[in-house]
Amino acid sequence: MAKNSHNKPKWVKIREAKQKLREDLLRDQNGKCYYCGRKVVYESGIEAVDLPDNFATLDHIVPKAKHNTLVANSVVACYRCNNTRGDKDAAEFLYEIAAA
């Protein structure tokens, strides 16, 4: 018997919501990184230590470190840009990319 979604553990609901958000954003962004514009890939089940530079990650325009975790604040970024950006302001990071 299939479990009712109301009976799922909270972590499962969060994982499924993030998956849906990532898929929606990938579609909205035409499968490209918000920052550098390169094509990103996503495949569930990849271990974090094995992520390629073009792996699609969820990123917050206003960093979570600055306490903004709203869905409208999320974009898909390649693994490389997400890690390089860190907690920098998105506008500042976009400026750095353009200047490089």
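A residue is termed buried when its relative accessible area is under 20%. By this criterion both faces of strand 2 are covered in the predicted model: Ser 74, Val 76 and Cys 78 are buried on one side, and Val 75 and Ala 77 are buried on the other. In a regular strand the side chains alternate between the two faces of the sheet. Strand 2 spans residues 74-78, and because five of its five residues are buried, it is largely enclosed by the rest of the structure.

The chain as a whole contains three helices and two strands, arranged from the N terminus in the order α-β-β-α-α. Of its 100 residues, 28% are buried. The exposed area of the chain is about 7000 Å², and 54% of this area is supplied by carbon and sulfur atoms. Among the contacts with a separation of 6 or more, 50% involve residues that are 24 or more positions apart.

The two strands of the chain are paired with each other. Strand 1, formed by residues 56-60, runs antiparallel to strand 2, and five bridges link the two. Within this pairing, Asp 59 stands opposite Val 75 of strand 2.

Strand 2 also contributes to the nonpolar interior. The largest nonpolar core comprises 14 residues, and those with the most contacts inside it are Cys 33, Tyr 35, Val 40, Val 76 and Cys 81. At least two residues of this core are supplied by each of helix 1 (10-28), strand 2 and helix 3 (90-99). The largest share, four residues, comes from strand 2. The surroundings of Cys 33 can be described in terms of its contacts beyond four places in sequence: these are Arg 38, Val 40, Val 76, Ala 77, Cys 78 and Cys 81.

Polar side chains are likewise found in buried positions. Asp 59, located in strand 1, has a relative accessible area of 7% and is therefore buried. Its side chain takes part in two of the polar contacts described here, one of 2.6 Å with the side chain of Tyr 35 and one of 2.8 Å with the side chain of Arg 85. When neighbours within four places in sequence are left aside, Asp 59 is in contact with Tyr 35, Asn 73, Ser 74, Val 75, Ala 77, Asn 82 and Arg 85.

Arg 85 belongs to helix 2, which covers residues 79-85. With a relative accessible area of 1%, Arg 85 is buried. In addition to the contact with Asp 59, the side chain of Arg 85 reaches the backbone oxygen of Lys 88 at 2.9 Å. Outside its neighbours within four places in sequence, Arg 85 is in contact with residues including Tyr 35, His 60, Ile 61, Val 62 and Pro 63. Ala 90 and Phe 93 are also among the contacts of Arg 85.

Tyr 35, a contact of both Asp 59 and Arg 85, is further involved in aromatic pairing. Three aromatic pairs are present in the structure. The ring centres of Tyr 34 and Tyr 35 lie 5.1 Å apart with the planes at 90°, so this pair is edge-to-face. Tyr 34 is partly exposed, with a relative accessible area of 38%, whereas Tyr 35 is buried at 7%. The rings of Tyr 35 and Phe 93 are likewise arranged edge-to-face, because their centres are 5.3 Å apart and their planes stand at 80°. Since Tyr 35 lies in the loop between helix 1 and strand 1 and Phe 93 lies in helix 3, this pair ties together parts that are 58 residues apart in sequence. Both Tyr 35 and Phe 93 are buried. Tyr 34, Tyr 35 and Phe 93 form one aromatic cluster.

The loop between helix 1 and strand 1 also contains Asn 30. The phi angle of Asn 30 is near 55°, a positive value in a residue other than glycine. Asn 30 has a relative accessibility of 58% and therefore counts as exposed.

Definitions and conventions. Residues numbered from 1 in each chain as written. Predicted model: local features only at pLDDT ≥ 70, side-chain atom pairs only at ≥ 80, totals over all residues. Heavy atoms only, no water. Buried < 20%, exposed > 50% of the residue type's maximum accessible area, 1.4 Å probe, protein only. Contact = heavy atoms within 4.5 Å. Areas by Shrake-Rupley, 256 points an atom, 1.4 Å probe, with all protein chains shown as cover. Pairing = 2+ DSSP bridges. Polar contact = N/O pair within 3.5 Å; in protein donor to acceptor, adjacent residues only side chain to side chain. Core = buried A, V, L, I, M, F, W, Y, C linked by side-chain atoms within 4.5 Å. Phe/Tyr/Trp six-rings, centres within 6.5 Å; stacked < 30°, edge-to-face > 60°.
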